[in-house]
Amino acid sequence: MDPTHPADRGNTLVLTCEHATNRVPSRYAALFAGADDVLASHRGWDPGALEAAQALGAELRRPVLAFPFTRLLVEANRERHSAHLWSAYTIDLPDEDKERILSRWWLPHRAEAGAMMRQAIAHRRRAVHVAVHSFTGVLDGKVRNADIGLLYDPSRSGERTFCDRWRQLLAIHAPDLRVRRNYPYRGVADGLPTSLRKQLRDEDYVGIELELNQATLADPERQGRMFAALAGTLREMLG
Ligand SMILES: [Zn+2]
């Protein structure tokens, strides 16, 4: 066995959830007065995503790194200089509040994710990052025709191979689940894996955004089957 050869290395799963909750820190609650409906909607968080991440974590015995507040406070899945880092509720905050939010919550989440990858790599393992998200089943009147989206960078062979195989296994284990690649978004768009790809090599890091349809998550029976299929196939993938 040559431990430097990717094929001989084990995989370490790192689960993150950037849009886990719609909570607001009490200090900033006044900014969101009257915004309960927006906070409750998919604009405020990814309903069901944390539950999915925790179900995978429980099955595969891995922790879940979850961002503790709503994406409308600050967007944990965007780069620091993104035009979408701040929402309409926080864009006009004074710079000192923005710096505080970044240094207290945004930066630690991103830094901790990177540290977990580097720790795995330091142990001569390949870091397999699954960032769990959910998407609304209908957007602007259009029904989205997938239960699961696997988002990755097609130019990274490790990610391409991993997602091709994962999709094949899901088709065997749960043929009724509709799995699409780089849908409903592209894996190379701004996001935590895109940021980590700039720091970590193809052979060391596989960054996947797992997008789950909220309509499927809302149906207890289909949700249960989806969680079981994802955990079973991911276990097989990780070896
Ligand atoms: Zn999300």
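R80 has a relative accessibility of 32%, between the limits of 20% for buried and 50% for exposed, so R80 counts as partly exposed. The model in which R80 sits is a predicted one.

**Salt bridges**

The salt-bridge count comes to 16. R80 takes part in one of them, with E99 as its partner and 3.0 Å between the closest N and O atoms. Distant parts of the chain are linked by this pair: R80 belongs to the loop between strand 2 and helix 3, E99 belongs to helix 3 (residues 95-122), and 19 residues separate them in sequence. E99, with a relative accessibility of 43%, counts as partly exposed.

A second salt bridge joins the side chains of R222 and D147, with an N to O distance of 2.8 Å. This pair also links distant parts of the chain, since R222 is in helix 7 and D147 is in the loop between strand 5 (142-143) and strand 6, 75 residues apart. The accessibilities of the two partners fall in separate classes: R222 is partly exposed at 27%, while D147 is buried at 0%.

The third example is the contact between the side chains of E203 and R201, at 3.4 Å from N to O. E203 counts as partly exposed, its relative accessibility being 33%. E203 and R201 belong to one network with R9 and D204, joined through salt bridges that share partners.

The three pairs are listed below.

| Salt bridge | N to O distance |
|---|---|
| E99 and R80 | 3.0 Å |
| R222 and D147 | 2.8 Å |
| E203 and R201 | 3.4 Å |

**A buried arginine without a salt bridge**

R126 is a residue of strand 3. Is R126 buried or exposed, and how far away is the nearest side chain of opposite charge? R126 is buried and has no salt bridge; D202 provides the nearest side chain of opposite charge, at 6.4 Å. A salt bridge requires a nitrogen-to-oxygen distance within 4 Å. Leaving aside residues up to four places away in sequence, the contacts of R126 include R9, G10, N11 and T12, as well as G158 and F162. R126 also touches E203, D204, Y205 and V206.

**The sheet**

Six strands form an open sheet with mixed pairing, in the order 2-1-3-8-6-7. Strand 2 (64-66) and strand 7 (179-181) occupy the edges; each has a single partner strand, so one side of each lacks a neighbour in the sheet. From one strand to the next the twist averages 25 degrees.

Strand 3 and strand 8 are parallel partners, paired over nine bridges. Within strand 8, Y205 is the residue that stands opposite A127. Strand 8 also pairs with strand 6, here in the antiparallel sense and over four bridges. L212 of strand 8 is the bridge partner of I148. Strand 6 (residues 148-151) in turn pairs with strand 7 in the parallel sense, over three bridges. Opposite R180 in strand 7 stands G149.

How many residues of strand 8 are buried? Nine of its nine residues are. In a regular strand, side chains alternate between the two faces of the sheet. In strand 8 both faces are covered: one side carries Y205, G207, E209, E211 and N213, the other V206, I208, L210 and L212, and all of these are buried.

**Helices against the sheet**

Helix 2 (residues 49-60) lies across strand 1 (11-17), strand 2, strand 3 (126-135) and strand 8 (205-213). The direction of helix 2 is at about 155 degrees to strand 1. Helix 7 (residues 220-238) lies across strand 1, strand 3, strand 6 and strand 8, and runs at about 145 degrees to strand 1. Helix 7 is also the element that holds R222, the partner of D147.

**The zinc site**

Which residues coordinate the zinc ion? They are H19 through ND1, D46 through OD and H133 through ND1, at 2.0 to 2.1 Å. Along the chain these donors follow the spacing H-x26-D-x86-H. H19 is in the loop between strand 1 and helix 1 (36-40), whereas H133 is in strand 3, so the two histidines tie together parts that lie 114 residues apart in sequence. Both H19 and H133 are buried.

Methods:
Residues are numbered from 1 along each chain as its sequence is written. This is a predicted model: local features need pLDDT of at least 70, side-chain atom pairs count only at pLDDT 80 or more; totals for chains, interfaces and linings use all residues. Side-chain values use heavy atoms; hydrogens and water are left out. Two strands pair if DSSP finds at least two bridges between them. Axes are lines fitted to C-alpha atoms, for helices over the stretch in contact, and angles run from 0 to 180 degrees between N-to-C directions. Contact means heavy atoms within 4.5 Å. Buried means under 20% relative accessible area, exposed over 50%, partly exposed in between (1.4 Å probe, protein chains only). Lys and Arg count as positive and Asp and Glu as negative; His and the chain ends are not counted. Donors are N, O and S atoms within 2.8 Å of the metal (3.2 Å for Na, K and Ca); water is not among the atoms, so sites may look incomplete.
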